[in-house]
Amino acid sequence: MVREKVERRTRFSLIPLSESEIESVSRLRLHSSSKMHSNHLLLEEPIRMASILEPSKASFFPAMTKIVGTLGPRSRSVELISGCLKAGMSVARFDFSWGDSEYHQETLENLKAAVKITKKLCAVMLDTVGPELQVLNKTEKSISLKEDAVVVLTPNQELEATSELLPINFTGLSQAVKKGDTIFVGQYLFTGSESTSVWMEVSEVKGDDVVCTVKNSATLSGSLFTLHGSQIHINLPTLTDKDKEVISSWGVQNKIDFLSLSYTRHAEDVRQAREFLSKLGDLSQTQIFAKIETVEGLTHFDEILHEADGIILSRGNLGIDLPPEKVFLFQKAALYKCNMAGKPAVVTRVVDSMTNNLRPTRAEATDVANAVLDGSDAILLGAETLRGQYPVETISTVGRICAESEKVFNQDLYFKKTVKFVGEPMTHLESIASSAVRAAIKVKASVIICFTSSGRAARLIAKYRPTMPVISVVIPRLKTNQLRWSFSGAFEARQSLIVRGLFPMLADPRHPAESTSATNESVLKVALDHGKAYGVIKPHDRVVVCQKVGDASVVKIIELED
């Protein structure tokens, strides 16, 4: 048994983001345009052409990259959710822009049943509506819009939706837009298909009404359509009264792990949401993921990243707000910043065509792979699982693409860049985390096992993107609210499920996270047995263990016997 002790201790400080406030996407670069050449392409060389012909191998962990699945009409039965979990979904997203609390509660109960059946952990994400503008179609009749036709957007919700008039849920649109502005309307989000979503140009403003010219022919189906004004400021709060009501009831009842804060535009939006959650008991532990979907949010990206627990790159809306040639630049720059800050980054809208098809397009398959190579922690599936015909197959396909991409991820280059970015002197925890990853790679360890209470140590290890899984052994802590005692740990374990490479297990609460003796050996044995049972640890494998013994943090390497 080899034991390495790292004794350096430094004052902890947040990682500074070096760029000043950005004002346009062209300024959101890694540090300068000169750094966006091949040095940022994290691709292992060379790739053996023969490996392309080798079949993908199934494993208990389909991929290190996590998959967030949106549960809805096509994915809410116990059987289908079980299939999604087995295929690789680790976070279930509940989108409150449609459906009521009772409907989502029924789906969540089915999720709990599926978790028990499959014995696979799954976190819960509540996605707020935010200042989302919607077109109301009470009759649910299909609406055909023809190119060059004139259509009026009106705040009068009593009127019936037709091809000449669309009632919306916002009275201030006429004050927010001007002639020449672009407005998009589509079901759920925007597919990019000319037949199911429409873009219009504002031709004039008449009182509270906005008169538009239709730029492409389309047919809108359903009761609700999303309306998005490109680069238009909507004077509505990010966390609406409806959102607060849902969080206070449904969110508290179900102790949600993540809050997806839609249309985050400023760091203050995150601070206000955190203050609101802090007053709701257990939800003070809920992590806030800022959803960047407008140029306004992009402009304040650095400050938002500093305040949020993670970032969701909502490429549906943002892809409309930005020129097409700038979308890739935002993705690469934003993911780089998230990676260096050690905060999870989630990418959306990757396999839209699988909503109705069993296979993704070539461009979509490449897009998923590039998201992984760019540094994404998770892929979020929306319409593909919410209303798609093949939710299980979609998750499985995306997981396989992620797994193949991870095989050629240039971890060595990434590790060096991360260490260089962090600089010296490192914080105590950062030093331990990077040492654990370096040791694991040098000895070709099969897994890294990390003992943690808050989950922070495990997340720091994952920040350095080790090539092997990190089993995060969460040690529960006893806490009290002055009325009763309870154990923490469940939140911390589930919140690992969105971090690339982290796979949590909840330890027996009778074992302390810190020890002055070898009492953690029994917990380590449980963790090793856990890894063996799932096929990630085999006889004679080497395992790197990161834990605290007394006041010292220890990185040790163990070699398993038969």
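This is a walk through a predicted model, from its overall make-up to selected helices, a strand, a single leucine and a cavity.

The protein has 18 helices and 26 strands. Of its 562 residues, 55% are buried. Contacts with a separation of 6 or more are counted next. Residues 24 or more positions apart account for 72% of them.

Start with helix α2, residues 78-87. Its buried residues are I81, S82, G83, C84, L85 and A87. They pack against β3 (89-95), α3 (101-118) and α13. The residue that follows α2 is G88, with a positive phi near 130°.

Move on to helix α6, residues 267-278. It has twelve residues, so at 1.5 Å a residue it should span 16 Å; the end C-alpha atoms lie 17 Å apart, which agrees. Six names make up its buried set: A267, D269, V270, A273, F276 and L277. An α-helix has 3.6 residues a turn, so residues three or four places apart point the same way. Within the buried set of α6, V270, A273 and L277 can be picked out with that in mind. What do the buried residues of α6 pack against? Two helices and two strands are the partners: α5 (241-254) and α8 (301-307), together with β14 (258-261) and β15 (287-292).

Helix α11, residues 362-374, can be read in the same manner. Its 13 residues should span 18 Å at 1.5 Å a residue, and its end C-alpha atoms are 18 Å apart, so expectation and model agree. Buried here are E364, V368, A369, A371, V372, L373 and D374. These buried residues pack against α10 (324-341), β17 (345-348), β18 (378-381) and α13 (391-407). Helix α13 is thus met again, having appeared among the packing partners of α2. After α11 comes G375, whose phi is positive, near 115°.

Now turn to strand β20, residues 470-474. Why is it described as largely enclosed by the rest of the structure? Because five of its five residues are buried. The burial covers both faces: V470, S472 and V474 lie on one side, I471 and V473 on the other. Strand β19 (residues 447-452) pairs with β20 in the parallel sense, over five bridges. One pairing to look for is I449, whose bridge partner in β20 is I471.

L560 is the next stop. It sits in the segment after β26 (552-559). Is L560 buried or exposed? Its relative accessible area is 11%, and burial means under 20%, so L560 is buried. Leaving out residues up to four places away in sequence, L560 touches L528, K532, I537, K538, P539, H540, D541 and V543. Take L528 from that list. L560 and L528 are 32 residues apart in sequence, while their C-alpha atoms are 9.4 Å apart in space.

Finally, consider the internal space. The model holds five cavities of 30 Å³ or more. The second largest encloses about 80 Å³. Which residues line the second largest cavity? They are N339, G342, K343, P344, D377, Y414, R459, A462, K463, R465 and V499. By class, this lining has five charged, four nonpolar and two polar residues. Helix α16 (residues 456-463) supplies the largest share of the lining, three residues.

Terms used. Residues numbered from 1 in each chain as written. Predicted model: local features only at pLDDT ≥ 70, side-chain atom pairs only at ≥ 80, totals over all residues. Heavy atoms only, no water. 1 Å grid on protein atoms, 1.4 Å probe; cavity = no way out; pocket = protein on both sides within 12 Å on 5 of 7 lines; lining within 4 Å. Points joined across faces, edges and corners; volume = space filled by probe spheres on them. Helix = DSSP H or I, 4+ residues; strand = E, 2+ residues; numbered from the N terminus. Nonpolar A, V, L, I, M, F, W, Y, C, P; charged D, E, K, R; others polar. Expected span 1.5 Å × (residues − 1). Buried < 20%, exposed > 50% of the residue type's maximum accessible area, 1.4 Å probe, protein only. Contact = heavy atoms within 4.5 Å. Pairing = 2+ DSSP bridges.
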